[in-house]
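Hello,

Here is the structure I promised to pass along. Have a look at it first, and then read on for my notes.

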Amino acid sequence: MPIVLAVLAAVVAFGLYLWLCGLAFVYLTFPVSLIAGGGGLAVGVAAGLVIAFLVLFGYQEERVLTPDRVAAGRLRILRPPKAIRPDFAWPAYFVVQVWLDWSVVVKRAAQWVARVWVGAADGASSMGWFGLALWPVLLPIAVFLAAGTAGAAVAVLLAAVVAAVLTVLVLGLGLVAVVVLRALDRLAGLVRRSAGTCPRCYEISALPVYRCPGGHGDTALHRDIRPGLLGVFYRRCGCGERLPTMVTRAGRTMAAYCPLCGTGLHEGAGMATDIRIPVFGAPASGKTHLVMVGVVGLLRSTTSGPVALADEHSRRTFETYAQVVDRGGSASKTDAAHQPIAVTLRFRNGRRAALLHVYDAAGEALSDPERNSGYQYLDGARTLIFVLDPFAVPEIRQRYRRGFGSLFDAANASADPPEPSYQNVATRLRQSGVRTDRNRLAFVVSKLDLVQQLPYEDRLHDDGDAVRAWLIRLGLDNLVDAAERDFREVRYFAVSATDPALGRGPLAPFGWLLEDEPIPVPGQRGSDEHLAGETSRA
């Protein structure tokens, strides 16, 4: 009987427990769970948004794409792998870092949810079986936790959608800006005919290497300063320095270097108009003397605007040139053992600038295919000057050599005929793929004052048509035809480097070549005659 009573009491108690649980569920658990679900959802959303805000708008060190990683080339943006160029700089935020930050948001939100659930589970387990019996009271807590988890997930997902839309929008606008800015940069370079010419290896680059003014060793070199993944309008160097993008802007404030050999370039390289004038011809044809008088005349000519020497080598060379020109001496023979180094002049007007490089290589080196193959400045020249020694013309030699030996000695007549010296360079240009039919050639007959002392040759005077006719009359029609066939435009000159007042003067070939270049000088540049007049008064 006691056992029956005990069983009956247990059944009654269990039934009462179930009745109380039902009442609690209807009048307490259900309404409280609704409130707990709403509150948990709100708390979860708020927590997710706070976590996203702190990570996206604060600073986190868990996953940061540092300039060291960019410079090491370890960044992978797309699959197949595509790396940002290895410059020591911070990438644009919306390129990669936004996605790294987002992974941290997801990680921290998951950690927050896990901590909340683990804490609730620990509290429930500490209550033992008594806690299970109070399930109507604990159920709202579980609903709160579940709703909070869902709310955090919704917040993270919502923030992810907003961040993705914003990122796509910024990347789209950035891509348009990059394309436009690069096109403008390239267009400015084409209009200005700007480039960076290396004085050591003769590499001609439209995109020089620029050094960050922060001064931090090899990492200061920025090999691609154009707008791109490292920044659109500006980029942030790894040292913290803010650098302008675009070659036309970087060239104003940053030092430029050759991308091939690392030699320092002239100030404004890549931004300034870059003009290369190689002077070529046979040994002793008068090339060096013509270069001397031309450089001195350009620096002293008022019609050529504000002109200055661009580097220390040019300054020392000019001093030597000026002494020879002022004293009326003869130019020393160009050393064929040395690489030709240009005399560089800088033309400036306000913020516009141009660099003029005049190259004088030894005739022996120009006639050697192995040596002149390294003269890359020949390939990048839009204008050239060919110097012909009239005393080396076979017809002149045959006619006058015996009777006017002293005059030939005074002229230091070239031993090489003129046509091979032209063909050596023209052939080298064609073999290098140079479109000479787009270039201009100044065809200069030198030593005019001396050749006019020969009988019947005093009819040669400095007029383009007259010089051309004189060359044809002396049997150089093949050379004339070759020059006019090879080049877009050929102009003929007859000059005397020792008598600038004779004819248009030795500055005239340079003046004619520079007329086709966008040199920034105030006002209208003078004609060949004006330049020649200024040279005669220099």
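**Cysteines first**

In this predicted model, the cysteine sulfur closest to that of Cys-201 belongs to Cys-198, and at 3.6 Å it is too far away for a bond. A second pair tells a similar story: the sulfur of Cys-239 has its closest cysteine sulfur in Cys-212, also at 3.6 Å and too far for a bond. A disulfide would need the two sulfur atoms within 2.5 Å, and by that rule the count comes to 0 disulfides. Cys-239 itself is partly exposed, as its relative accessible area is 38%.

**The chain as a whole**

You will be scrolling through 538 residues, of which 45% count as buried. The chain has 18 helices and 15 strands. If we take the contacts between residues at least 6 apart in sequence, 74% of them join residues at least 24 apart. The accessible surface comes to about 26,200 Å², and carbon and sulfur atoms account for 62% of that.

**How confident the prediction is**

Mean pLDDT for the chain is 83, with 82% of the residues at 70 or more. Please be aware of residues 523-538, where pLDDT stays under 50. For that stretch the model has 36 contacts beyond four places in sequence.

**Two helices that cross**

Do have a look at helix H6 (residues 287-300) and helix H7 (residues 312-327), which pack with their axes 9 Å apart and at an angle of about 100°. Angles from 65 to 115 degrees count as roughly perpendicular, so H6 is roughly perpendicular to H7. On the H6 side, the residues making the contact include His-289, Met-292, Val-296 and Arg-300. From H7, Phe-318, Tyr-321, Val-325 and Asp-326 are among those taking part.

**A buried alanine**

Where does Ala-442 sit? You will find Ala-442 in strand E14, which covers residues 440-445. Buried means under 20% relative accessible area, and Ala-442 counts as buried because its relative accessibility is 0%. Leaving aside neighbours within four places in sequence, Ala-442 is in contact with Leu-384, Ile-385 and Phe-386, with Arg-491 and Phe-493, and with Pro-509, Trp-512 and Leu-513. Take Leu-513 from that list: Leu-513 and Ala-442 are 71 residues apart along the chain, yet their C-alpha atoms are separated by 7.3 Å.

Happy to go through any of this with you.

Best wishes

Note on methods: Residues are numbered from 1 along each chain as its sequence is written. This is a predicted model: local features need pLDDT of at least 70, side-chain atom pairs count only at pLDDT 80 or more; totals for chains, interfaces and linings use all residues. Side-chain values use heavy atoms; hydrogens and water are left out. Helices (H or I, at least four residues) and strands (E, at least two) are DSSP runs, numbered from the N terminus. Buried means under 20% relative accessible area, exposed over 50%, partly exposed in between (1.4 Å probe, protein chains only). Contact means heavy atoms within 4.5 Å. Accessible areas come from the Shrake-Rupley method with a 1.4 Å probe; for residues, only the protein chains shown count as cover. pLDDT is the predictor's confidence in each residue, from 0 to 100. Axes are lines fitted to C-alpha atoms, for helices over the stretch in contact, and angles run from 0 to 180 degrees between N-to-C directions. Angles under 35 degrees count as roughly parallel, over 145 as roughly antiparallel, 65 to 115 as roughly perpendicular and the rest as oblique.
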